[in-house]
Amino acid sequence: MAVPTVESPRSGRVSPGYSRTRSSRGNFEMGAWLFMRLSGVVLVVMIFVHLWTSLVAGDGISQVDFGFVAGKWASPIWQAWDLVLLWLAMLHGTNGVRTIINDYAEKNSTRMWLKGVLYTATVVIILLGTLVIFTFDPCPVIDGVAHVASYCPTA
Amino acid sequence: MPKTPAGTLYRGREGQWSWVAHRITGVVIFFFLLVHVLDTSLVRVSPEAYDAVIAAYKNPIMGLGELGLVGAIVFHAFNGLRVIAVDFWKKGPRYHRQMLWGVVGLWALTMLAFSIRHLSVVFGGH
């Protein structure tokens with residue numbers, strides 16, 4: 001059976017169906033490609049530390065509760081860590097899923113709808129997460145009842 | 001364009017299958033990330049709401065799910081570094097197969113160590 005040959009992308013003889021140039025797109029796709037690699041390196045380090053602190057160090061996952069979060073976010077370093085992690089991971093993941101949608105959804109309208117849902121979810125999750133980090137209260141008073149913990153002032 | 005192309009761009013073997021695994025693990029991680037931000041957001045509802053939902057992450061079935069999630073993350077991380085090496089290192093494309101076996105080996109070692117740690121916490125009542 002003859003093996004079909006595929007021309008090298010740089011040969012200039014690529015069939016128009018496989019052409020990827022859209023003059024109006026500018027350098028966006030190259031920027032996205034570079035962002036995946038740069039954010040990827042940072043994410044490997046930041047996520048491994050994130051997994052280590054919550055699943056390996058101390059008592060592993062059994063230690064994770066409200067007090068654990070309060071302890072971590074008492075430090076501005078961990079607040080900043082989680083904020084950067086949230087933004088980088090969401091943008092990296094959104095761009096990855098955008099690429100997959102572009103690859104597999106063939107109809108223009110399907111692509112548009114899927115990406116609309118994706119971008120909506122991305123904006124909502126990034127804003128929600130950011131708001132939670134900045135407005136976190138380790139000793140909340142809910143319906144007049146103060147949260148009881150060793151690190152909270154007693155009423 | 002015909003629906004079924006006569007030839008194919010896919011070449012199989014290490015290159016294609018690592019690409020497939022990278023996509024699948026990426027999508028899995030992304031969907032968990034959405035859920036993870038939502039569950040963490042419960043700290044703004046009440047300590048009790050957060051603790052109740054996090055308690056679900058501590059049962060044995062979810063413990064195995066976490067093992068799968070960490071497995072997906074570790075593969076995506078190591079293979080992502082391999083992709084960067086293929087793109088930016090002069091000899092990257094020539095050694096991409098060897099690097100994949102390096103990724104798989106490092107993944108197995110990492111997961112062996114993590115499994116011992118995580119499963120003893122989940123099943124051993126720490």
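## Helix packing within and between chains A and B

In this predicted model, H3(A) and helix H1 (residues 13–41) of chain B pack with their axes 10 Å apart, at an angle of about 135 degrees.

**Exercise 1.** Classify the angle between H3(A) and H1(B), then state which residues make the contact and of which classes they are.

*Solution.*
1. The angle is about 135 degrees. Roughly antiparallel requires an angle over 145, and roughly perpendicular covers 65 to 115. H3(A) is therefore oblique to H1(B).
2. The two helices cross with left-handed geometry.
3. H3(A) contributes Leu86(A), Ala89(A), Met90(A), Gly93(A), Gly96(A), Val97(A) and Ile100(A). From H1(B) come Arg23(B), Gly26(B), Val27(B), Ile29(B), Phe30(B), Leu33(B) and Val37(B).
4. Sorted by class, this contact has 10 nonpolar, three polar and one charged residues.

**Exercise 2.** Describe the contact between the two chains as a whole, and find which helix supplies the largest share of the side of chain A.

*Solution.*
1. Chain A puts 36 residues into the contact, and chain B also puts in 36 residues.
2. On the side of chain A that touches chain B, at least two residues come from each of helix H1 (28–56), helix H2 (66–73), helix H3 (76–104) and helix H4 (108–135).
3. H1(A) gives the largest share of that side, with eight residues.
4. By class, the chain A side holds 24 nonpolar, nine polar and three charged residues.

**Exercise 3.** Work out how H3(B) and H4(B) are oriented to each other, and give the hand of their crossing.

*Solution.*
1. Helix H3 (residues 60–88) and helix H4 (residues 96–123) of chain B have axes that come within 9 Å and cross at roughly 155 degrees.
2. Angles over 145 count as roughly antiparallel. H3(B) is therefore roughly antiparallel to H4(B).
3. Their crossing is right-handed.
4. The contact of H3(B) with H4(B) comprises 18 nonpolar, seven polar and two charged residues.

**Exercise 4.** Set the record's transmembrane regions of chain B beside the model, giving helix content and end-to-end distance for residues 20–38 and 67–88.

*Solution.*
1. An unreviewed UniProt entry lists residues 20–38, 67–88 and 100–120 of chain B under "transmembrane region".
2. Residues 20–38 of chain B are 100% helix and 0% strand, and the C-alpha atoms at the ends are 28 Å apart.
3. Residues 67–88 of chain B are likewise 100% helix and 0% strand, with end C-alpha atoms 31 Å apart.

Terms used:
Residues are numbered from 1 along each chain as its sequence is written. Chains are lettered from A and ligands numbered from 1 in the order in which they are written. This is a predicted model: local features need pLDDT of at least 70, side-chain atom pairs count only at pLDDT 80 or more; totals for chains, interfaces and linings use all residues. Axes are lines fitted to C-alpha atoms, for helices over the stretch in contact, and angles run from 0 to 180 degrees between N-to-C directions. Helices (H or I, at least four residues) and strands (E, at least two) are DSSP runs, numbered from the N terminus. Angles under 35 degrees count as roughly parallel, over 145 as roughly antiparallel, 65 to 115 as roughly perpendicular and the rest as oblique. A crossing is left-handed if the near helix is turned anticlockwise from the far one by less than a right angle, and right-handed if clockwise. Ala, Val, Leu, Ile, Met, Phe, Trp, Tyr, Cys and Pro count as nonpolar, Asp, Glu, Lys and Arg as charged, and the others, Gly among them, as polar. Two residues are in contact if their C-beta atoms, placed from the backbone, lie within 7 Å. UniProt positions are given in the numbering used here, feature names are shortened, and annotations may be inferred rather than shown by experiment.
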